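Please open the model in your viewer and keep a selection tool at hand. The tour goes from stop to stop, saying at each one what to select and what is there.

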Amino acid sequence: MATTQKIPILFVDPGPSVALDSLAQTALKTGRWQFPAYATKSAFGIVKIPESLAGSPNPKIEVTIGGNALLGGASIDVATKVFADDAETYDFSLLVRDVIQDFPAPVKSKKTKKLTFTGGDLANVASGKFLWVEVRRLGGCGRLANEADIELIGASLNVDVVTVTGISDAELFAREAMRI
């Protein structure tokens, strides 16, 4: 039986001029990547693809973006590259781009929007490999009349995996995370 597993993407390099901002909400302390208006900026991440992929893994990247202004929006795209942990290139220049999506102005400040991407190099997702992910904000590209600062709240790789009898999904995820 296959179930969908959401694996968080670890963002390891914010790229130039993208700031990690500390966010404290009661007891939760976390961060978010800030992308300034009218500038093209990227955040780079990596995720380990589970060993227990289903025959048809149905891979997709979900990106959660936040808007911190009432006016404007942003154009977002994702690029991906699958690579093995032995004798395969992990060169960022080989990232394959997905279709650009527009994030419209939120109806109130600090509202989130989930964007789903299914293209790029996701067709090559395979058990036990790694996936480089670039989330890019295209500033000043002319797609939107008014742009605003945005924030990358988080992203995940969603894939269908085979459920192993007797082992919980949480334990499988923990095992996969240890392999990174």
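Across the whole of this predicted model, a search finds 6 salt bridges. To begin with one of them, select Lys6 and Glu62, whose side chains meet in a salt bridge at 3.0 Å, N to O. This pair links distant parts of the chain, since Lys6 lies in strand E1 and Glu62 in strand E6, 56 residues apart. Lys6 is exposed, with a relative accessible area of 51%, whereas Glu62 counts as buried at 11%.

Keep Glu62 selected and add Lys114, which forms a salt bridge with Glu62, the closest N and O atoms being 3.7 Å apart. Here too distant parts of the chain are linked, with Lys114 in strand E10 (residues 111–117) and Glu62 in strand E6, 52 residues apart. Lys114 is partly exposed, at a relative accessible area of 48%.

Next, select Asp77, Arg97, Glu134 and Arg136, which are linked in a network of salt bridges. Within this group, Glu134 and Arg97 form a salt bridge whose closest N and O atoms are 2.6 Å apart; Glu134 belongs to strand E11 and Arg97 to strand E8 (residues 96–97), 37 residues apart along the chain. Glu134 counts as buried at 5% relative accessibility, while Arg97 is partly exposed at 36%.

Now turn to strand E12 (residues 150–162), where 10 of the 13 residues are buried. Strand E1 (residues 2–8) runs antiparallel to E12 and is joined to it by 7 bridges, and the bridge partner of Lys6 in E12 is Asn158. Strand E6 (residues 60–67) also pairs with E12 in the antiparallel sense, over 8 bridges, with Leu157 in E12 as the bridge partner of Ile61.

From there, select Pro50, which is placed in the loop between strand E5 (41–48) and E6 and counts as buried at 1% relative accessibility. Show Ile7 as well: its C-alpha atom is separated from that of Pro50 by 8.8 Å, although the two residues are 43 apart along the chain.

For the last stop, which residues should be selected to see one aromatic cluster? They are Phe83, Phe130 and Trp132. The whole structure holds 2 aromatic pairs, and one of them is the stacked pair of Phe83 and Phe130, at 5.5 Å centre to centre with 20° between the planes. Phe83 lies in strand E7 (residues 74–83) and Phe130 in strand E11 (residues 130–138), 47 residues apart. Finally, add Lys48, whose charged end sits over the ring of Phe130, 4.7 Å from its centre.

Terms used. Residues are numbered from 1 along each chain as its sequence is written. This is a predicted model: local features need pLDDT of at least 70, side-chain atom pairs count only at pLDDT 80 or more; totals for chains, interfaces and linings use all residues. Side-chain values use heavy atoms; hydrogens and water are left out. Rings of Phe, Tyr and Trp (its six-membered ring) pair if their centres lie within 6.5 Å; planes under 30 degrees apart count as stacked, over 60 as edge-to-face and the rest as tilted. Helices (H or I, at least four residues) and strands (E, at least two) are DSSP runs, numbered from the N terminus. A charge sits over a ring if NZ of Lys or CZ of Arg is within 6 Å of the ring centre and within 35 degrees of the ring normal. Buried means under 20% relative accessible area, exposed over 50%, partly exposed in between (1.4 Å probe, protein chains only). Two strands pair if DSSP finds at least two bridges between them. A salt bridge is a side-chain nitrogen of Lys or Arg within 4 Å of a carboxyl oxygen of Asp or Glu.
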